[in-house]
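This report describes a single protein chain, beginning with one residue and its surroundings and then widening to the chain as a whole. Please view the sequence and the structure together while reading.

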Amino acid sequence: MSTQSAKNEVKNNKYSFDVEVSKVLELMINSLYTNKDVVIRELISNASDACDKLRYLAVQNNDILSENEELEIVIKADKEAKIVEIFDNGIGMSKQDLIDNLGCIARSGTENFLKGLSGDSKKDSQLIGQFGVGFYSAFMISKKIDVISRRYDASKAYIWSCDGKNDFEVSEFDGDFA
């Protein structure tokens with residue numbers, strides 16, 4: 001099974017998930033996640049990882065972070081609009097990073113993830129976080145996910161959008177980027 005981004009079909013700014021990836025996504029959305037609290041935990045964990053990656057680079061290169069710059073994660077919720085936003089000022093992703101990392105579920109572990117599923121949702125929930133699938137738990141509580149990201153060393157930001165079906169879109173983001 002291939003999980004390389006080269007397998008994604010490109011139509012304008014629209015990309016198709018591999019067939020196997022679509023099956024994993026559907027399985028995760030409909031049966032793997034039983035506790036909705038896992039969603040926020042997974043997204044905060046991803047934001048923390050992004051901060052850790054930038055912190056690691058900054059240890060090697062003092063020019064990356066200013067002396068007083070704090071890495072942070074901010075969570076905002078708009079109950080009326082039913083929107084949860086999680087911001088971090090970590091390493092960020094380029095357009096290609098978004099395609100490669102969010103466009104290939106469990107990039108190196110999809111096959112192992114599928115083999116590890118037992119059908120027992122309680123046992124299977126222990127697999128969350130082990131194969132790079134935690135981010136996709138957000139589809140359990142959301143009809144659409146937008147990830148807006150700018151790599152720490154780039155000037156352009158990009159938006160990755162997906163409704164949890166067979167494809168996703170990546171395009172340049174020209175809005176306010178906090």
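Leaving aside residues up to four places away in sequence, Ser171 touches Asn13, Tyr158 and Ile159. The model is a predicted one, and in this model Ser171 lies in strand β7. Ser171 has a relative accessible area of 19%, and it counts as buried because the cut-off for that class is under 20%.

Val170 also touches Asn13, Tyr158 and Ile159, and its contacts further include Tyr15, Lys95, Leu98, Ile99 and Trp160, again not counting residues up to four places away in sequence. In the largest nonpolar core, which has 19 residues, Val170 and Trp160 are the members that touch the most other members. Two or more residues of this core come from each of the elements α2 (37-60), α3 (95-102), β5 (145-149), β6 (157-162) and β7 (167-173). A second core, separate from this one, consists of seven residues, among them Leu54, Leu65, Leu71 and Ile91. As a general background to such cores, nonpolar side chains in soluble globular proteins tend to be buried together.

Aromatic residues give a further view of the interior. The structure holds three aromatic pairs. One of them is formed by Tyr15 and Phe168, whose rings are stacked, with 5.4 Å from centre to centre and 15° between the planes. This pair links distant parts of the chain, since Tyr15 belongs to strand β2 (residues 14-16) and Phe168 to strand β7, 153 residues apart. Both partners are buried, Tyr15 with a relative accessible area of 7% and Phe168 with 1%. Together with Phe135 and Trp160, Tyr15 and Phe168 form one aromatic cluster.

The relative accessible areas given above are gathered here.

| Residue | Relative accessible area | Class |
|---|---|---|
| Tyr15 | 7% | buried |
| Phe168 | 1% | buried |
| Ser171 | 19% | buried |

On the scale of the whole protein chain, there are five helices and seven strands, and their order along the sequence is β-β-α-α-β-β-α-α-α-β-β-β. Of the 178 residues of the protein chain, 35% count as buried, while the chain exposes about 11100 Å², of which carbon and sulfur atoms supply 44%. Among the contacts between residues at least 6 apart in sequence, 60% join residues at least 24 apart, and the link between Tyr15 and Phe168 spans 153 residues.

Technical notes:
Residues numbered from 1 in each chain as written. Predicted model: local features only at pLDDT ≥ 70, side-chain atom pairs only at ≥ 80, totals over all residues. Heavy atoms only, no water. Helix = DSSP H or I, 4+ residues; strand = E, 2+ residues; numbered from the N terminus. Buried < 20%, exposed > 50% of the residue type's maximum accessible area, 1.4 Å probe, protein only. Contact = heavy atoms within 4.5 Å. Areas by Shrake-Rupley, 256 points an atom, 1.4 Å probe, with all protein chains shown as cover. Core = buried A, V, L, I, M, F, W, Y, C linked by side-chain atoms within 4.5 Å. Phe/Tyr/Trp six-rings, centres within 6.5 Å; stacked < 30°, edge-to-face > 60°.
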